[in-house]
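Student: I am new to this structure and would like to take a close look at a single part before I step back to the rest. Could you walk me through it slowly?

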Amino acid sequence: MSGAAREEKTAGGKPQLTQQGSIRRTSLLDAAETVLVAKGNANASLRTIADAAGVRIGHLQHYFPTRADLIKAVLERALDRSLERLADATGLRVSPDDPADIQSPQGRADTADVVAVVLAEQDDPQMVRLYVEVWALAARDDEIAQVVREFYRKYVTHVAALVHLNRPEWPADLCRARAETFVALVEGAALLRSGIAGTRSAAVDAELARQAERLLGE
């Protein structure tokens, strides 16, 4: 396969990229993020992204056959980064095989620390813009909408596990409802706090943090 990375098989039979392939895949994801943030969703075609990465479109499609596949990988990488920041700041660890499995060395999570990490991500205007452009794509493309819905289902599962960690006596449906409300609150706040749809204030930030901590089962 000319110019494309050779794949190897893991013990479970799942394709695994070689080191070189992994580097190439990362560069393609970097290019996709750059195009979305700098040029917007209307210009985020596979050809535009391939051009930004300096490769042929066929090379890009070896790794990501469709734009939905590419957006899925962009979102998954963003979530992985968020979980790494959460682990570094709070010690919370998420099982790579089970998004509902969260471990804490303290046996519970400090809700104030978790909320601080989540809200701090909104201080990065590039990250907020990336999500806004992906949402806009999802509004026009059914396949990408499905990818986005799956991304948020996984995100909610992580948060529900966090709520359960703090409140093991709560039933699963309550933990899930709290998690869904938390995600809705935080994602909506990104538009306001970033300046896209409103203005940020210390009073709103304090109330947002208080409500978010309550939803996590403080």
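Student: Which backbone oxygen lies 2.8 Å from a polar atom of the side chain of Thr 157?

Tutor: It is the backbone oxygen of Arg 153 that lies 2.8 Å from a polar atom of the Thr 157 side chain, and I should say at once that this is a predicted model, so that every distance here is computed from predicted coordinates. Thr 157 itself belongs to helix α7, which covers residues 142-166. If the neighbours within four places in sequence are set aside, the residues in contact with Thr 157 are Pro 99, Ala 100 and Arg 176.

To place this part in its setting, it helps to look at the whole protein chain, which has 9 helices and 4 strands. Followed along the sequence, these elements come in the pattern β-β-α-α-α-α-β-β-α-α-α-α-α. The radius of gyration of the protein chain is 19 Å, close to the 17 Å given by the globule rule for 218 residues, so the chain is as compact as a globular protein of that length. Along the principal axes, the C-alpha atoms fill a box of roughly 55 × 45 × 30 Å. Of the contacts between residues at least 6 apart in sequence, 62% join residues at least 24 apart. Buried residues account for 42% of the 218 residues, while the protein chain exposes about 11700 Å², with carbon and sulfur atoms supplying 52% of that area.

A second part to examine, for practice in reading the model, is helix α1, which has 21 residues and reaches 30 Å from its first C-alpha to its last, close to the 30 Å expected at 1.5 Å a residue. Its buried residues include Leu 28, Leu 29, Glu 33 and Val 35. Just after α1 comes Gly 40, which takes a positive phi of about 90 degrees.

Further on, in the loop between α1 (19-39) and α2 (46-53), you will find Ser 45. Ser 45 counts as partly exposed because its relative accessible area is 29%, a value that falls between the 20% limit for buried and the 50% limit for exposed. The side chain of Ser 45 is joined to that of Thr 48 by a polar contact of 2.8 Å. The C-alpha atoms of Ser 45 and Arg 67 are separated by 7.4 Å, although these residues are 22 apart along the chain.

Key
Residues are numbered from 1 along each chain as its sequence is written. This is a predicted model: local features need pLDDT of at least 70, side-chain atom pairs count only at pLDDT 80 or more; totals for chains, interfaces and linings use all residues. Side-chain values use heavy atoms; hydrogens and water are left out. Helices (H or I, at least four residues) and strands (E, at least two) are DSSP runs, numbered from the N terminus. Buried means under 20% relative accessible area, exposed over 50%, partly exposed in between (1.4 Å probe, protein chains only). A polar contact is a pair of N or O atoms within 3.5 Å; within protein, one must be able to donate a hydrogen and the other to accept it, and residues adjacent in sequence count only if both atoms are side-chain atoms. The expected span of a helix is 1.5 Å times one less than its number of residues. The radius of gyration is taken over C-alpha atoms; the globule rule is 2.2 Å times the number of residues to the power 0.38. Contact means heavy atoms within 4.5 Å. Accessible areas come from the Shrake-Rupley method with a 1.4 Å probe; for residues, only the protein chains shown count as cover.
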